[in-house]
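The exercises below deal with aromatic rings and their surroundings. Work through each task before reading its solution.

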Amino acid sequence: MILKSVALVIALSVLLPCGGVFAEREPLQARHPVIVPADPGFQALNQAAVSHVLAGPVEMKPWDINQDGMVDLEHDLLAVLNDFGKKGGNLQADVDPNGVVDIMDIVLVAGHLPQETATAIAHSPMQAQAPAPWDINQDFKVDILDLVFVAQRFGTANFAGVEDVNGDRAVDIVDLVLVAQHFGEEIEQPAVPVGIAGIGDFRGNAIGPFGGASAVNGRTPDGAVTVELKLVRNAGFASWGYDFASSVNVKDNMLVIYVKGPEGAQMRLQFRDQAWHDAGRFGQVQARSGNITFAGDWQKVEIDLSKITGNGIDFSRLKHIAVEFGLAEFNNNPGITLQVGDPADSNKPAFSFFEKQTIPQMPANLTPEAVANWLNNLAAQSRTGVPFSFQVPPEIAASLWPNTTNEHERMVLKEGLVIYDGALAEILWSLMGDSKRAGMLTNAIWKGNLGQLELRAYHREGDDSHPFIYSDDPNDISGFEEGKRGFVFKTTNANGVFNVIDPLTGRQLDWSQWQPIAGENAWAGVIAPLQAYAKKYGDTLNQDAVELKLAEEIARAAMFLQAENGGIRMGPQGIWHDSGDTHWYYNEQSVENNLSWYSAFRMLHQVTGDQKYKDAMTRLEGFFKSAFDPMNGTFAQGFHFNGTRWNKNVTFATDVQTWGVLALGAEWIDARFGAGAAFRMLESAKKEAGVFDSKTGALRGVDFTNYRNLGRAPMVSVEWTAGAIMAFQQAAQYYAVSNPVFSQGLTKDADSMWDYTKSLAVDINGTTAYPYATGSGPTQNRPTGHGWFAPPQEVMSTASSVWMALLELGFNPFELGGK
């Protein structure tokens, strides 16, 4: 409603000229230049709005809503906020009047507050992180968008986001007034960021989350040293390191490092040439200069770059190098401070960084290895060696089964494997070097069966068990011909048996999960096999590899389902749906499914170079553009075809926003939908589905959708929150250069979500697993909003556990090789 009310204003780029509307009172001393649009069209349009206000009798000033002779916060501005978005011809709060109570009315009332009120607000404490906190979206101008952001958060308590302009942990009238008072200002971009003295050309965020990555870029005032800092996890050494990409154009080829750390701790120095650095091949060490042992006080370390060579490379001839400072000994390390100094003046370090958090060795029960061990034990319990999707503790089974929705749900909870979950397990096993376990699901899919169960969906004339049609020609997909076979079923029985026992009634049931869904096929048929392929073969093209052959076969089926709008249908014709419509999935498109396929096609193109995969990606990009809602800044959950056109679905899907950033990238989203679009997409996910700590206001995680619309309490989806953490981290890295405030906010949210989700880890005989979602109760009371129900927190989840392990590893599964 808020965005709709200002749609016309935004579309016309109207900025309210402060000199006209605010002229009746003494203007505040502007802290920054006020910009009044010079375009005569803007001036005329704005003047028309002002004329409406000034047309009435002088004693009837419309901004004095209650006509008590004064403009105040408690009555006049609050009246506008209470009526915000209302339409009609006799609304007192419609100050313009233009028939709707909108942002313009807020500006008009706020602009006529008494001088003493305005002055008091203007001098109230500000947030420290931004030199101009009323510039909410940090685009260096105060405009309609800033008011919209605050209005969207209005009334939120225990909140520490950027919309809380004065930093009192509440988004209230004061925050709106502060933005309105500075409306039209252009903010001068600071040359040196607050709190980072001595660095010019700042482009980043110094503090990163444990297990994540952050970047700080800066240079010395005289340009002698250019520094880029990244906090990364070095998997090769199982330790933490600092990567600096530094100009070697320093005096006499001398790089001067000032370091300080705990007594006795050691730091490893390694150098790599920029070509390796740019290629991302950080594992290829070109030269080493040994270790530095800390003495507990500042040390000056001089490195003669002209004498550092490795593999025949003379670093003195290179424009840039990459320098890694990896902690050789870091147990019980309380933190380390690094400074890169200006060689011309050792008393004035050009750059300093202090990692405030301890750099601990990860507790054994939170390591990816501990999750992999839990997964190993889970898979060992199945008859086929593939894992189950869930683990139901015996002590809750008696209460769980009567409180599940139906026998089909019990069937999946007890012994089902969603192939997406199996794909995640395959990726983790591959990363852990367990190629045998990693290949089990891929090989089963390639063969077409798991134990007694058939896995593939195809069409056979006159056979009701094989009704699936992918295109106009049913023969496009074969039931047996290698290379032409179709999708596999979304869920299978991990035990590989057709007859199962209902754990509640004891009745024998037939396995009933026969739905070939596009998204799950992207993961189990392409993404996981190609991640395993990359681990096995690297950049080598091996056309005989079963992983590649399977990926191309499944991708062929998906391209038959790519509709005229560029999106891939959710499944072929012939899938059972509770509506009775066997074409329902064929006429449905899931944006989440299509994000998975975009990643899958990209991987195939990277491996094979085949243009058809690039073309499929291009068509999908058109689909994503049509799925984007510019008013809300989010992707739609999907589309449904009504026989004439594809219509957007209205349910909000959290993972579509976070996976959008992970699969497409924040840069791609901003390039298509405007600067800051990826940030606003994640902020919308946080607003719609964020779950917050009731005492601190910290973001704990994300729900599956806006839980308020479902009439239930919020729950944190561990799987979706892990994806959100990774998306927030990735976006924070992207904005570290262009918008440090965005980056800091995203990092803060990622940290708080990570802290909370790690607290949900469950130790099972020395291994680690995570629940599907927080909270308990009958599953029928725990709808996700997307057609399925969340089991209680006591039930462990393969998807959640693997996503948390991938998060610890810093591995983005949407990117080939994780980067």
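A residue counts as buried if its relative accessible area is under 20%. The model is predicted.

**Exercise 1.** Decide whether Y735 is buried or exposed.

Solution. The relative accessibility of Y735 is 2%. The cut-off for buried is under 20%, so Y735 counts as buried.

**Exercise 2.** Classify the pair formed by the rings of F679 and Y735, and place both residues in the chain.

Solution. A pair of aromatic rings is described by the distance of the centres and the angle of the planes. Step one: the centres of F679 and Y735 lie 6.4 Å apart, and the limit for a pair is within 6.5 Å. Step two: the planes stand at 85°, and angles over 60 degrees count as edge-to-face. The F679–Y735 pair is therefore edge-to-face. Step three: F679 belongs to helix α22 (residues 677-689) and Y735 to helix α23 (residues 718-738). The two residues are 56 residues apart, and their pair links distant parts of the chain. F679 is buried too, at 7% relative accessible area.

**Exercise 3.** Describe the pair of F628 and F635, and state which aromatic cluster holds them.

Solution. The model has 33 aromatic pairs. In the pair of F628 and F635, the centres are 5.9 Å apart and the planes make an angle of 80°, an edge-to-face arrangement. F628 is buried at 9% relative accessibility, and F635 is buried at 2%. Both are part of one aromatic cluster, whose other members are Y598, F623, F624, F639, W668 and F673.

**Exercise 4.** Which ring lies under the charged end of R485, and which under that of K758?

Solution. R485 has its charged end over the ring of W446, 4.5 Å from the ring centre. For K758, the ring is that of W754, with the charged end 5.2 Å from its centre.

Definitions and conventions. Residues numbered from 1 in each chain as written. Predicted model: local features only at pLDDT ≥ 70, side-chain atom pairs only at ≥ 80, totals over all residues. Heavy atoms only, no water. Phe/Tyr/Trp six-rings, centres within 6.5 Å; stacked < 30°, edge-to-face > 60°. Buried < 20%, exposed > 50% of the residue type's maximum accessible area, 1.4 Å probe, protein only. Helix = DSSP H or I, 4+ residues; strand = E, 2+ residues; numbered from the N terminus. Lys NZ or Arg CZ within 6 Å of the ring centre and 35° of its normal.
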